[in-house]
Amino acid sequence: MTIAFTICSINYLAQARTLGDSLKATNPDVRFFIGLVDTLQGVAFEDSYAPAYPMIEIDKIEIRDFQEMCARYNITELNTAVKPFYFTYFFKHYPEADNVIYFDPDIIVFQPLTELKNSLAKHRAVLTPHINTPIDDRLTPNELHHLNTGVYNLGFVAFNRSEENDRFISWWEEKLRYECLIDLCNGLFVDQNWMNFLPVFVPDTHIERNPGYNAAYWNLHERTFTKRDGHWYVNEENPLIFFHYSGYDPAKPDILSKYQDRFELSRRTDLTDLFALYKNCLIDNGNAYYRKFPCSYIKPAPVRRYMRVRKYLKMPVNYLIGKLQTI
């Protein structure tokens, strides 16, 4: 059996539902779960917005010192920090699972995962690099950015059941317990840089370079998209397995991703239908509805005493400046 899961808070359930719908349509034999970094206690969804997929709340997977992690991390850091703990949970509680696959919630799967399962039958783990070929400009992101944020994109990673992987995942848990930060000056970008060690510590890791895997804004310089007979292809001949819509907001449908400045959707007409599909899926699955829910585990940043003092000291100056501007 193969398990696929994603991780999100309630505010991203439209993305998680869209991912689940795509897996149900293309891979009905894969069991899909939503790892919910949030609580459902006191939450009553309107009937049409109740997800059809099982949600495993984060407090159910018994992470040691979890509340300390909540105090340490912002919502992005926390959602990525719990990833290895969910792998441990699924391998422990579903002994019939041979493979466990993680997908970021902002992904659509377009094809059966047959070749991925074949890879997991031959190898311990599967990763996808951000890029397969060099970039010839200085726009964002380029190779320097990937050196900072990780050679591999952790919107996807897959493990089979093995003692070797258990040891790696346990090591990964301890790293992310304290060091899943967005802190580029100290070599940290959430969970991604730690995954640079997977092919080193687990030598039988497959680096998947098929351009149909994990297509996203960071590798569009090497990939174009066409649709034939109802199916999407990359570079004319490779079936599109899954597309990663990282940084896309249906409220700003003309922006391909807020994290890049290399491509404009208006000039990449090969992407028009792919992004229209995603926009409509998110709207239909309640994106605007879920966005209103704050994550229960993320508390507002405390206002330090010195910041309050500084605020009040500046008030007379700001008042005077305002008065002068009206003269």
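# Cysteines, sheets and salt bridges

Visitor: How far is the sulfur of cysteine 8 from the closest cysteine sulfur?
Guide: The gap is 9.9 Å, and the partner in question is cysteine 295. That is too far for a bond. Keep in mind that this is a predicted model.

Visitor: And cysteine 295, which cysteine sulfur is closest to its own?
Guide: The one in cysteine 70, at 7.5 Å. Again, too far for a bond. A disulfide needs the two sulfur atoms within 2.5 Å.

Visitor: How many disulfides turn up in the whole structure?
Guide: Zero.

Visitor: Is cysteine 8 buried or exposed?
Guide: Cysteine 8 is buried, with 2% relative accessibility. Cysteine 295 is buried too, at 8%.

Visitor: New topic: sheets. What is the strand order in the one with seven strands?
Guide: The order runs β3-β2-β1-β4-β7-β6-β10. The sheet is open, and the pairing is mixed.

Visitor: What holds strands together in a sheet, generally?
Guide: Backbone hydrogen bonds pair the strands, in either a parallel or an antiparallel way.

Visitor: Back to the seven strands. Which ones stand at the edges?
Guide: β3 (55–57) and β10 (205–207). Each has a single partner strand, so one side of each has no neighbour in the sheet.

Visitor: What does the twist average?
Guide: It averages 20° from one strand to the next.

Visitor: How do β4 and β7 pair?
Guide: In the antiparallel sense, over five bridges. Strand β7 covers residues 156–160. Within this pairing, valine 100 stands opposite phenylalanine 159 of β7.

Visitor: Which strands does α4 touch?
Guide: α4 packs on the sheet and touches β1 (2–8), β2, β3, β4 and β7. The direction of α4 makes about 145° with that of β1.

Visitor: Where does helix α7 lie?
Guide: Helix α7, residues 163–178, lies across β6 (125–127) and β7. Its angle to β7 is about 135°.

Visitor: What about the sheet with three strands, what is its order?
Guide: That open sheet goes β11-β12-β13, with antiparallel pairing. Its edge strands are β11 (225–228) and β13 (238–239), and each pairs on one side only.

Visitor: How many bridges join β11 to β12?
Guide: Four, and the two strands run antiparallel. Strand β12 takes in residues 231–234. One pair to look for is lysine 227, whose bridge partner in β12 is tryptophan 232.

Visitor: Now the core. Which residues touch the most other members in the largest nonpolar core?
Guide: Phe103, Phe225, Phe243 and Leu274. That core has 51 residues. Helix α1 (residues 13–26) gives the largest share of this core, five residues.

Visitor: What does leucine 274 touch?
Guide: Leaving out residues up to four places away in sequence, leucine 274 touches Phe110, Phe225, Trp232, Leu240, Phe243 and Tyr245.

Visitor: And the second core, how many residues does it have?
Guide: That one has 46 and is separate. Among its members are Ile3, Ile63, Phe66 and Trp194.

Visitor: On to charges. How many salt bridges does the structure hold?
Guide: It holds 14. One of them joins the side chains of arginine 31 and glutamate 96, at 3.9 Å from N to O.

Visitor: Which parts does that pair tie together?
Guide: Arginine 31 lies in strand β2 (residues 31–36), and glutamate 96 in the loop between α4 (83–93) and β4 (99–103), so the pair ties together parts 65 residues apart in sequence. Arginine 31 is partly exposed, at 36% relative accessible area. Glutamate 96 is partly exposed as well, at 40%.

Visitor: How far apart in helix α2 are arginine 72 and glutamate 68?
Guide: Four residues, about one turn of the helix. Their side chains meet in a salt bridge, 3.9 Å from N to O. Arginine 72 is partly exposed at 30%, and so is glutamate 68 at 42%.

Visitor: What about aspartate 59 and lysine 60, where do their side chains meet?
Guide: In a salt bridge, 3.2 Å from N to O. Aspartate 59 counts as partly exposed at 43%, and lysine 60 does at 47%.

Visitor: Last one. Which residues are linked in a network of salt bridges?
Guide: Arg64, Asp65, Glu174 and Arg177.

Notes:
Residues numbered from 1 in each chain as written. Predicted model: local features only at pLDDT ≥ 70, side-chain atom pairs only at ≥ 80, totals over all residues. Heavy atoms only, no water. Salt bridge = Lys/Arg side-chain N within 4 Å of Asp/Glu carboxyl O. Buried < 20%, exposed > 50% of the residue type's maximum accessible area, 1.4 Å probe, protein only. Core = buried A, V, L, I, M, F, W, Y, C linked by side-chain atoms within 4.5 Å. Contact = heavy atoms within 4.5 Å. Pairing = 2+ DSSP bridges. Axes fitted to C-alpha atoms, helices over the stretch in contact; angles between N-to-C directions.
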